[in-house]
Amino acid sequence: MRSNSASGESENTINYKTPIYLQLREIIRNKIEDGEYTPGTAIPSENELSETYGINRITVRNAINALVNEGLLRSVQGKGVFVIGNKAEETIAELNSFIPVLPKQFSIKEQVKEIRPAGDLFATLFNIGVSEPIYSIVQIVLSNAEPISYDEIYIPVAVVPQLQVASSSVFSIDDIFEFYDIEVSSVRQNLEIITGTQKTRHILGDVPPEIAIMKLESSYLDNRGQVIEYKSSFVRSDTCSFKVFLDAK
Amino acid sequence: MENKSLMENKTSPRTNAVEKLENYLLVNHLPANSKIPSERDLCKLWNVNRTTLRFAVDMLIDSGKLYRKKGAGTFVAEAKLPRNLLGVNSFASEMRQQGTALTTKILSFRTLECTKQISKKLHVTLGNKIYEIIRLRHVQGQPCIIETTYINAETFPNFENYNLEKDSMYSIFTNIYKKKIIRGEENISVTYATKEEAAFLEIEPDSPVFFATGVTMSSENEPLEYYKLLFRADRFKFVSVTHRRED
């Protein structure tokens with residue numbers, strides 16, 4: 001329902017003919033559709049919105065809640081309210097064959113996100129120049145403050161130049177790819193048991209040598225067969241296993 | 001460009017050396033068991049110091065890509081065989097497709113009364129008859145997998161009449177019993193080989209091995225087999241490739 005589009009006024013001002021929260025809901029919705037609020041970024045705070053439009057915070061909250069319920073926004077405690085794009089029909093997560101079986105309660109902590117030159121190895125993997133920039137992200141999956149797995153993620157900057165603004169501590173890389181319509185058409189994964197370096201064992205909570213580490217490598221490819229994301233996950237085998245579904249082909 | 005020099009500060013010499021070495025193995029397609037150039041030569045080639053290079057070599061040894069032989073040098077590790085998760089395929093036919101030599105030896109064939117755990121998986125009433133078949137698989141002459149399978153004796157009567165060392169279990173299911181496996185679910189974790197298992201697999205006791213358990217289902221949604229597989233971790237990796245469905 002576009003409440004004020006017939007009035008001839010700008011769609012981004014408030015009038016007094018329809019409930020105010022419904023009008024604000026339409027304003028925010030339009031800004032998302034027009035691309036002013038981009039997926040993966042936070043919209044202005046309740047205070048800012050209430051000041052901009054001269055309406056009280058309860059009304060602002062009602063408008064936001066309506067959009068959260070519609071699945072257009074996601075509210076993250078202490079971080080703000082973030083824009084979610086249109087969800088792809090088949091999510092990237094569904095393309096992953098190895099489904100980690102994790103404890104019920106877990107959280108993901110981002111350790112480092114930096115831009116670095118590709119270097120020899122990633123130049124080969126991504127088929128780009130040695131000095132082209134790539135994102136390097138390290139994140140740790142924790143349960144009750146105990147590390148379960150640790151991921152190293154690499155993505156050429158050219159694939160998602162916007163990644164800096166999108167908060168990857170709120171959204172997964174999968175979400176971000178979906179927001180920016182970056183289509184992953186295939187995923188290659190392999191799972192092996194490794195000894196693991198001292199550093200890996202240390203990051204995973206000083207894993208004793210008698211406990212094995214699993215390494216899950218995933219390459220995400222676009223429709224031209226180019227690798228656009230490479231991820232290595234190191235998993236403590238005593239706290240995590242994997243599930244796979246098999247279909248007759 | 002200032003931006004560029006900033007970026008270059010971000011990879012440490014050690015990371016750099018690890019990635020250079022990994023890339024060297026990747027682009028040169030060195031066959032298994034071939035010797036890599038000496039540490040001294042690699043230091044010269046990449047202009048890194050000995051300690052840094054040693055770190056990189058150790059790193060790739062720990063991740064299973066290289067191995068060191070005392071007094072002889074550093075070598076490329078044998079590539080692990082893929083256990084493909086593309087779909088439910090009999091292991092034998094999958095190995096054949098890959099052109100891998102596979103032999104099977106029956107370690108044990110028993111009739112059991114269904115236990116609680118197996119009853120949950122196969123939906124067989126407690127105490128009913130089930131077959132337990134334990135097989136050892138040799139791949140390229142090396143013992144690699146211990147495969148334990150449970151099937152309902154009512155669904156597969158007289159299963160002992162068939163030659164499970166020659167024919168694949170799935171082909172017997174399909175051709176003799178007219179039961180076709182259409183889907184399955186598998187759980188992959190790590191366990192440690194017992195003394196007996198280690199002896200069969202010719203590895204050290206307590207070595208970590210892949211432990212995969214699963215149930216496969218027929219088109220009528222009836223569970224056909226419950227299996228437990230032990231894979232040698234030094235010879236196998238699990239592999240999958242998935243494509244987005246075409247609309």
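This is a guided tour of a predicted two-chain model, stop by stop.

**Before you start**

Residues are numbered from 1 along each chain as its sequence is written, and chains are lettered from A, with ligands numbered from 1, in the order in which they are written. The model is predicted, so local features need pLDDT of at least 70, side-chain atom pairs count only at pLDDT 80 or more, and totals for chains, interfaces and linings use all residues; side-chain values use heavy atoms, with hydrogens and water left out.

**Stop 1: colour by confidence**

Colour both chains by pLDDT, the predictor's confidence in each residue, from 0 to 100. Chain A averages 83, and 87% of its residues score at least 70. Chain B has a mean of 88, with 90% of residues at 70 or more. For the complex, the predictor gives an ipTM of 0.87 and a pTM of 0.79.

Now select the elements. Helices (H or I, at least four residues) and strands (E, at least two) are DSSP runs, numbered from the N terminus. In chain A, helix 4 (residues 92–95) has the lowest mean pLDDT among the elements, 66, and helix 5 the highest, 96. In chain B, the lowest is helix 1 (residues 2–8) at 45, and the highest is helix 8 (residues 195–201) at 96. Residues 1–6 of chain B have pLDDT below 50, and this stretch makes one contact beyond near neighbours in sequence. A contact means heavy atoms within 4.5 Å. Residues 1–10 of chain A also stay under 50. That stretch has 16 contacts beyond four places in sequence. Where pLDDT is low, the predicted coordinates should not be read in detail.

**Stop 2: the shared sheet**

Select strands 4 to 9 of chain A with strands 10 and 3 of chain B. They form an open sheet of eight strands in the order 4(A)-5(A)-6(A)-9(A)-8(A)-7(A)-10(B)-3(B), with mixed pairing. Two strands pair if DSSP finds at least two bridges between them. Which strands form the edges? They are strand 4 (107–117) of chain A and strand 3 of chain B, each pairing on one side only. Neighbouring strands are turned by 20° against each other on average, direction ignored.

Go to strand 5 (residues 133–143) and strand 6 (residues 146–156) of chain A. They pair antiparallel over 10 bridges. Within this pair, S136(A) stands opposite Y154(A).

Then cross to the chain B edge. Strand 3 and strand 10 (residues 236–243) of chain B run parallel and are joined by four bridges. L81(B) stands opposite F236(B). Show the side chains of strand 3 (residues 81–84): they alternate. L81(B) and R83(B) point to one face and are buried, while P82(B) and N84(B) point to the other and are not. Buried means under 20% relative accessible area, exposed over 50%, and partly exposed in between (1.4 Å probe, protein chains only).

**Stop 3: helix 5 of chain A**

Helix 5 of chain A packs on the sheet, touching strands 4, 5, 6 and 9 (227–236) of chain A. Its direction makes about 120° with that of strand 9. Such axes are lines fitted to C-alpha atoms, for helices over the stretch in contact, and angles run from 0 to 180 degrees between N-to-C directions. G119(A), L121(A), F122(A), A123(A) and F126(A) are buried here. Their cover includes those four strands of chain A together with helix 2 of chain B. N127(A) follows the helix, with a positive phi near 60°.

**Stop 4: salt bridges**

A salt bridge is a side-chain nitrogen of Lys or Arg within 4 Å of a carboxyl oxygen of Asp or Glu. The count is 22 over all chains.

Select K20(B) and D120(A): their side chains meet at 3.2 Å, N to O. K20(B) lies in helix 2 (residues 13–28) of chain B and D120(A) in helix 5 (residues 119–126) of chain A, so the pair joins two chains. D120(A) is partly exposed, at 23% relative accessible area.

Next, R68(B) and D58(B) form a salt bridge, with the closest N and O atoms 3.0 Å apart. R68(B) is in strand 1 (residues 66–69) and D58(B) in helix 4 (residues 50–62) of chain B, so the pair ties together parts 10 residues apart in sequence. R68(B) is partly exposed at 39%, as is D58(B) at 30%. Add E39(B), R50(B) and R54(B) to see a network of salt bridges that includes R68(B) and D58(B).

Last, select R137(B) and E147(B), which meet at 2.8 Å, N to O. Are these residues buried or exposed? Both are buried.
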